[in-house]
Amino acid sequence: MSMPFGYASPEQIMRDRAEYARKGIARGRSVVVMQYADGILFVAPNPSKALHKISEIYDRIGFAAVGRYNEFESLRLAGIRYADINGYTYNRSDVTGRGLANLYAQQLGMIFTESIKSLEVEIVVAEVGEEPERDQIYRLTFDGSVFDEQGMAVIGGQAEAVSGRLKERYREGLPLAQALEAALFALTEPGGERPASAQLEVAVLDRNREHRKFLRLTGPRLQRLLDETTRPTPPAEPSPAPAPETPPIGPEGEIDTGSGE
Amino acid sequence: MNNLFTNTGSPSFTEFLGAYAPDLLPTRAQALAAPVEDQIPHATTIVAATCAGGVVMAGDRRATSGNIISQRDIEKVFRTDDYSCVGIAGTASTGIELARLYRVELEHYEKMEGRSLSTEGKANRLATMIRGNLAMAMQGLVVVPLFAAYDPDRDAGRIFGYDVGGGPYEQRQYHSIGSGSIFARGSMKKLYRENSSPEDVVLTCLQALYDAADDDSATGGPDVTRKIWPVVAVITADGFRRLSDDEIAEYVQRMIDGRMTDPDGPTAPLR
């Protein structure tokens, strides 16, 4: 039997799409989402102050994404609409991370099967609970698969290597500074230099906060926290040459515009 | 559901709601068979005054339907974001719904755009929502809010008043709305001191509410036997804070002790 010219089997089409999406995602840097003593911590190397990879969705729900900026931005906005409309229709406590993860899974899955190009994104939806046992972290991939992660999730380019390093340092109920230290250890290649505070996007869902749990850690607050993480680790070591006070002029390497290029 | 993903218009939640689920808007356009008047609960007096580095808002706890007290412990002062709050007077049900929508509106913008609205922007947005309710107001479902916010650009508190047609009217120093507002305003006129500490202004507001309750039957005074106290919110650079019942009880006790010997409250110096 002869196949018509230009025929590609469904298996082949799916494989190609997945391959395409994976390549797009692999270009971006990783993002770490993990539990700590008071909630959930998000850490992303991101030199841009305007194009966020981490965002608030609702009172207890946060969002992190890697890949193409325009694609995950539209997912983020849709998530905010979903959360706000449900919270307004029913009650604020009726908006759940599980519902949001399902919504994203449907949309991602639909685009993966029906469009020529799947979305080149990987996202995390995290919800902080009243107690640590009720925290939830969902990881969603470009094809709409949902993974219910325990304690931590890594998305983006070198996800496997990063999560391997994160597992070495991760403990349950780490205080914030130590959790940040673990995340930075995981995000830094062995022998590599840690990103400066200006190159980092850090946020928490802190269960002890009132009303809205999401809080971005920026400026002096983040710097203090970073100082805490670096100081206690090398206690015996004589202090090396102090780092220059002035921050680097610009980010090293290419600026991640979020376009995935 | 696709609407959620494709609607990429403005960051206004109200506009989105109008397109996505118009039935949920408090300002529905359907006409009432007969104007409602006194049958449904009305919220009464709200006062607000600026203090050093911020603003204080307080509201009594009474809701009335005509001559009936329909609720003794209604709450009429709502946090709308970290640096602002609204108090409502008029039809309680519409007012509560409006305050809830307004809170989502401010938050929605903040999350969509990654920044908070300016204080004027917040005040204007509320004006549009009140104007949208004009048709209902003409049928008796009148809502008039009072908006107070801490403006980080000025490092000061600001107060905005409205009428049924919208607004906003920025008010300097202090303002009050609701049935007891005339009495409360007269009281504040004599007791308000510019740049007082937040603690002093809280007391000024409580005195004004007491004076309003003294002369207006629809305004409730502090209920000492049931321990129902006015709702008091203080907004400064540290954000919105609603005073706990214990804190307010202390203020109220001090005020009542004073009024035991001087039933009309503190007097302002004549010269």
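**View 1. Thr44(B), the residue that UniProt tags as "active site" in an unreviewed entry.** UniProt positions follow the numbering used here, feature names are shortened, and annotations may be inferred rather than shown by experiment. This is a predicted model, where local features need pLDDT of at least 70, side-chain atom pairs count only at pLDDT 80 or more, and totals for chains, interfaces and linings use all residues. Residues are numbered from 1 along each chain as its sequence is written, while chains are lettered from A and ligands numbered from 1 in the order in which they are written. Thr44(B) sits in the loop between β1 (42-43) and β2 (46-51) of chain B; helices (H or I, at least four residues) and strands (E, at least two) are DSSP runs, numbered from the N terminus. Thr44(B) counts as buried because it has 30 C-beta neighbours inside 10 Å. The cut-offs: buried takes 20 or more other C-beta atoms within 10 Å of a residue's own, exposed takes 12 or fewer, and partly exposed is in between, with C-beta atoms placed from the backbone. Leaving out residues up to four places away in sequence, Thr44(B) touches Asp60(B), Arg62(B), Thr64(B), Ala89(B), Gly178(B), Ser179(B), Gly180(B), Ala218(B) and Thr219(B). A contact here means C-beta atoms, placed from the backbone, within 7 Å.

**View 2. The β6(B)-β7(B) hairpin, with two residues between its strands.** Strand β6 (residues 77-81) of chain B pairs with strand β7 (residues 84-91) of chain B in the antiparallel sense, over four bridges. Strands pair, by the rule used, if DSSP finds at least two bridges between them. For a landmark, look for Val77(B), which stands opposite Gly87(B) in β7(B). Four of the five residues of β6(B) are buried, so the strand is largely enclosed by the rest of the structure.

**View 3. Strand β12(B) and its partners β3(B) and β13(B).** Strand β12 (residues 231-236) of chain B has five of its six residues buried, so it too is largely enclosed by the rest of the structure. Strand β3 (residues 54-59) of chain B pairs with β12(B) in the antiparallel sense over six bridges, and Val56(B) stands opposite Val234(B) there. Strand β13 (residues 239-242) of chain B also runs antiparallel to β12(B), with four bridges. Across that pairing, Ala233(B) has Arg242(B) as its bridge partner. Two residues make the hairpin connection from β12(B) to β13(B). A general reminder for strand views: in a regular strand the side chains alternate between the two faces of the sheet.

**View 4. Zooming out to chain B, with eight helices and 13 strands.** Chain B has a radius of gyration of 19 Å, which agrees with the value near 18 Å for a compact globule of 271 residues. That radius is taken over C-alpha atoms, and the globule rule is 2.2 Å times the number of residues to the power 0.38. Along the principal axes, the C-alpha atoms fill a box of roughly 65 × 45 × 35 Å. Buried residues come to 47% of the 271. Of the contacts in chain B with a separation of 6 or more, 69% are between residues 24 or more positions apart.

**View 5. A five-stranded open sheet in chain A, in the order β8-β1-β2-β9-β10 with antiparallel pairing.** The edges are β8 (152-155) and β10 (214-217) of chain A, each pairing on one side only. Neighbouring strands are turned by 15° against each other on average, direction ignored. Strands β1 (residues 31-36) and β2 (residues 39-45) of chain A are antiparallel and joined by five bridges; Gln35(A) stands opposite Ile40(A) in β2(A). Helix α4 (residues 159-169) of chain A lies across β1 and β8 of chain A, at about 150° to β8(A). Helix α5 (residues 176-187) of chain A packs on the sheet as well, touching β1, β2 and β9 (200-206) of chain A, and its direction makes about 35° with that of β2(A). Axes are lines fitted to C-alpha atoms, for helices over the stretch in contact, and angles run from 0 to 180 degrees between N-to-C directions.

**View 6. Where chain A meets chain B: 14 residues of chain A in contact with 16 of chain B.** Helix α2(A) gives the largest share of chain A's side, eleven residues. Chain A's side divides into six nonpolar, five polar and three charged residues. In this scheme Ala, Val, Leu, Ile, Met, Phe, Trp, Tyr, Cys and Pro count as nonpolar, Asp, Glu, Lys and Arg as charged, and the others, Gly among them, as polar. Arg68(A) is found in the loop between β4 (61-67) and α2 (69-89) of chain A, and it counts as buried with 21 C-beta neighbours inside 10 Å.

Definitions and conventions. Contact = placed C-beta atoms within 7 Å.
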